[in-house]
Amino acid sequence: SMLLSKQTRDAIGLSLKESLVIVDEAHNLPEALRSLHSCRLTLPIIQSALEQLGNYVAKYSDRLASRNLFYLGQIRKILLAFKKHLEHSNASSKKPMITPDELLVELKLDNVNLFKMLRYLEHSRLAQKLLGFMTRVIPEQDGSTVGADPDTSDGLSKHVSAMSVVQTFLEKLTFSGKEGKIVVDLPSADNVDSRSRIQHPAFRYVLLHPAAFFENVLNESHALALVGGTLRPFV
């Protein structure tokens with residue numbers, strides 16, 4: 001995953017320039033890219049991010065510059081639109097897949113500049129700042145608290161900021177519909193149980209064109225070899 005993620009490589013100072021990159025068992029590459037670049041944003045995480053943001057603004061509103069207050073207001077507007085859409089979605093109105101642009105138009109957020117928003121989130125490190133501003137836990141449907149294990153529930157680890165998940169999903173919304181699309185997951189009477197991953201309504205970004213996220217490896221490295229016993233040789 002460190003090799004495939006340009007952000008991770010930049011963060012740890014790993015450069016592929018003048019390097020020969022060899023990917024063994026390369027038949028797993030498309031699935032690895034899909035897993036790395038897919039994203040799921042659940043209703044409890046949106047609610048948690050809203051509460052953290054509200055607590056942060058309430059405490060520091062008199063110290064924040066007008067520019068910061070503007071962006072915080074824009075983020076709150078986006079979160080409220082996400083929350084309203086998931087709370088009022090039902091099976092009859094659910095579409096199989098929509099592009100990020102279609103979702104933004106449907107949520108009336110097409111006038112929001114997501115690129116400026118993401119630059120603000122990155123430079124301000126808002127996700128890290130909000131980590132300590134949660135005052136309550138959100139109960140799961142089975143009575144437990146928001147999950148300590150994000151791999152087995154729709155909850156969120158207490159060590160991960162809800163805003164960081166929102167920020168990741170916003171990044172996906174800046175991609176084109178060719179690269180991936182959005183699915184709205186809705187719980188039903190058949191899958192609301194402790195073993196099901198769909199316990200809450202959620203937005204899910206599905207990567208459809210993994211090659212688009214591998215081009216940075218191909219362009220940065222000096223040479224690239226994809227090898228594996230199940231691959232057909234080609235030039």
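On helix 2, E31 and S35 are exposed (over 50% relative accessible area, 1.4 Å probe, protein chains only), and they lie on the side opposite to that of the buried residues. The buried residues of this helix, which spans residues 29-37, are L29, L33 and H37; buried denotes under 20% relative accessible area. These residues cover an arc of only 50° around the axis, which places them on the same side of helix 2, the arc being that of the directions from the helix axis to the C-beta atoms. An α-helix has 3.6 residues a turn, so residues three or four places apart point the same way. The buried residues of helix 2 pack against strand 1 (20-23), strand 2 (39-42), helix 8 (162-172), strand 4 (202-207) and strand 5 (223-226). Helices (H or I, at least four residues) and strands (E, at least two) are DSSP runs, numbered from the N terminus.

The model is predicted; local features require pLDDT of at least 70 and side-chain atom pairs count only at pLDDT 80 or more, whereas totals for chains, interfaces and linings use all residues. Residues are numbered from 1 along each chain as its sequence is written, and side-chain values use heavy atoms, with hydrogens and water left out. The mean pLDDT (the predictor's confidence in each residue, from 0 to 100) of the protein chain is 80, and 81% of its residues reach 70 or more. Over residues 137-154 the pLDDT is below 50, although this stretch has 40 contacts in the model beyond near neighbours in sequence; contact means heavy atoms within 4.5 Å.

Strands 2, 4 and 3 form an open sheet in the order 2-4-3, with antiparallel pairing; two strands pair if DSSP finds at least two bridges between them. Strand 2 and strand 3 (180-185) are the edge strands, each pairing on one side only. Four bridges join strand 2 to strand 4, and T42 stands opposite A202 in strand 4. Helix 3 (residues 43-60) packs on the sheet, where it touches strand 2 and strand 4.

Strand 1 runs parallel to strand 5 and is joined to it by four bridges, with A223 of strand 5 as the bridge partner of L20. Along strand 1, V21 and V23 point to one face and are buried, while L20 and I22 point to the other and are not.

In helix 8, Q167 counts as buried at 14% relative accessibility. Not counting residues up to four places away in sequence, Q167 touches L118, L121, E122 and A127.

Terms used: Axes are lines fitted to C-alpha atoms, for helices over the stretch in contact, and angles run from 0 to 180 degrees between N-to-C directions.
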